[in-house]
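Reader: I am new to this structure. Please choose one part of it, look at that part closely, and then set it against the rest of the chain.

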Amino acid sequence: MTAVLARDSTLLGAVNTALNTVIDPELDEPITDLGFVQSVEIDGGDVIVHLRLPTSFCSPNFAYLMASDAKDAIGQLPWVQRVVVQLDDHHDSDLINRGLAADAGYVGTFGHEAESDLDELRTTFRRKAHTAAMERCLTAILRADTSLTEQDLCSLTLADLPAEDRFAVALQSRRVAIGLPMHPAALVFVDDQGNGYPREDAVLRLRRARSTRISVDGNAHFCRGLLVTRYPGSDGDQTPRVQGDAPDDPAGLSRPPARSLLPLKVVSS
């Protein structure tokens, strides 16, 4: 392995930043935070990335979506000439890797096994991510001001959210992802179509949103543990997160500087 030069470190940082935008659709966290990136190799304009998942039987559609998104994200870097993304140790690794190499798309990769493309699936989980982010934000507001009730949340607008609050920032990016209005007067406590709730439904709706958030957080915690069991030491590649806290914003609005990805191989050209 050659030494990592200053230029090489810059290229690696660019690849890592691109991978930070790739989200596990079910867990609503970047694959870098979850430890799903096993290695990155840079050889001139070629980038080779190996991904790993918590089990060999993780849903093939989720696996393909993350691998495809990773290839697309890296491919947008201006200096990249070729991207190879390899999914390791999955029961459909060979099929997925062939499809990625051929740019066959999800339906082209899985043929008759694919009911449709992944747009509908992606939309479904983006809506769940919005619901979970909304619950985190609203619960934080209730805890900060104990004079407020659940019914008071029905009139809350984006202009009322604390500036630069991490829960508010995470919520805003997830609203953008599903096309909800972002003007200051837009209601915060809404369904995935942007419709507000009547005051009499506030308690039930917040409870249901909390159930969604707990499900997302619980699955993320479980998958992190499975990954460490399967790949001992991979917890060092994960970004710790307390359950119920907001994941780093995938749009980059509240994300810290990109972490290093290890192991790394940089080949000088």
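Author: One definition comes first: a residue counts as buried when its relative accessible area is under 20%, as exposed when that value is over 50%, and as partly exposed in between. The model is a predicted one.

The part chosen here is helix α7, with the parts around it to follow. Helix α7 covers residues 166-177. Its twelve residues, at 1.5 Å a residue, should span 16 Å, and the end C-alpha atoms lie 17 Å apart, which agrees. The expected figure is 1.5 Å times one less than the number of residues. The buried residues of α7 are Phe167, Ala168, Val169, Ala170, Leu171, Ser173, Arg174 and Arg175. What do these buried residues of α7 pack against? They pack against α6.

The loop between α6 and α7 holds glutamate 164. With a relative accessible area of 77%, glutamate 164 is exposed, in contrast to the buried residues of α7 such as Phe167. The backbone of glutamate 164 also deserves a remark. Most residues other than glycine have a negative phi. Glutamate 164 is not a glycine, yet its phi is positive, near 65 degrees.

The partner helix, α6, leads on to a pocket. Rolling a probe the size of a water molecule over the atoms shows where empty space is left. The second largest pocket has a volume of about 180 Å³. Two elements give two or more residues to its lining: α6 (119-144) and α8 (202-230). Of the elements, α8 gives the most, with four residues. The full lining consists of Thr131, Met134, Phe189, Val190, Asp191, Asp192, Tyr197, Arg205, Arg208, Ala209 and Thr212. By type, five of the lining residues are nonpolar, two are polar and four are charged.

Helix α8 has other residues to look at. Leucine 204 sits in this helix. Its relative accessibility is 40%, so leucine 204 counts as partly exposed. Glutamate 150 is 54 residues away from leucine 204 in sequence, while their C-alpha atoms are 9.4 Å apart in space. Arginine 224 is also part of α8. Is arginine 224 buried or exposed? Its relative accessible area is 11%, so arginine 224 is buried. Leaving out residues up to four places away in sequence, arginine 224 touches Glu29, Asp33, Leu34, Gln238, Thr239, Pro240 and Arg241.

One of those contacts, Gln238, is touched by glycine 35 as well. Glycine 35 lies in the loop between α2 (31-34) and β3 (37-43). At 1% relative accessibility, this glycine counts as buried. Besides Gln238, glycine 35 touches Arg52, Leu227 and Asp237, again not counting residues up to four places away in sequence. From glycine 35 to leucine 51 there are 16 residues in sequence and 8.9 Å in space, C-alpha to C-alpha.

Aspartate 28 is found in another loop, the one between β1 (23-24) and β2 (29-30). Like glutamate 164, aspartate 28 has a positive phi without being a glycine, with a value of about 55 degrees. Their surroundings differ: aspartate 28 is buried at a relative accessible area of 8%, whereas glutamate 164 is exposed at 77%.

For a second helix to set beside α7, take α3. Helix α3 runs over residues 60-75; its 16 residues should span 22 Å at 1.5 Å each, and the end C-alpha atoms are 22 Å apart, which agrees. Twelve of the 16 residues of α3 are buried, and the helix is mostly covered. The buried residues of α3 are Phe62, Ala63, Tyr64, Leu65, Met66, Ala67, Ser68, Asp69, Ala70, Lys71, Ala73 and Ile74.

Last comes the chain as a whole. It has eight helices and six strands, and along the sequence they follow the pattern α-β-β-α-β-β-α-β-α-α-α-α-α-β. Of its 269 residues, 46% count as buried. The chain exposes about 13100 Å², and carbon and sulfur atoms supply 52% of this area. Among contacts between residues at least 6 apart in sequence, 68% join residues at least 24 apart. One contact of arginine 224 in α8 with a residue far back in the numbering is that with Glu29.

Technical notes. Residues numbered from 1 in each chain as written. Predicted model: local features only at pLDDT ≥ 70, side-chain atom pairs only at ≥ 80, totals over all residues. Heavy atoms only, no water. 1 Å grid on protein atoms, 1.4 Å probe; cavity = no way out; pocket = protein on both sides within 12 Å on 5 of 7 lines; lining within 4 Å. Points joined across faces, edges and corners; volume = space filled by probe spheres on them. Nonpolar A, V, L, I, M, F, W, Y, C, P; charged D, E, K, R; others polar. Buried < 20%, exposed > 50% of the residue type's maximum accessible area, 1.4 Å probe, protein only. Contact = heavy atoms within 4.5 Å. Areas by Shrake-Rupley, 256 points an atom, 1.4 Å probe, with all protein chains shown as cover.
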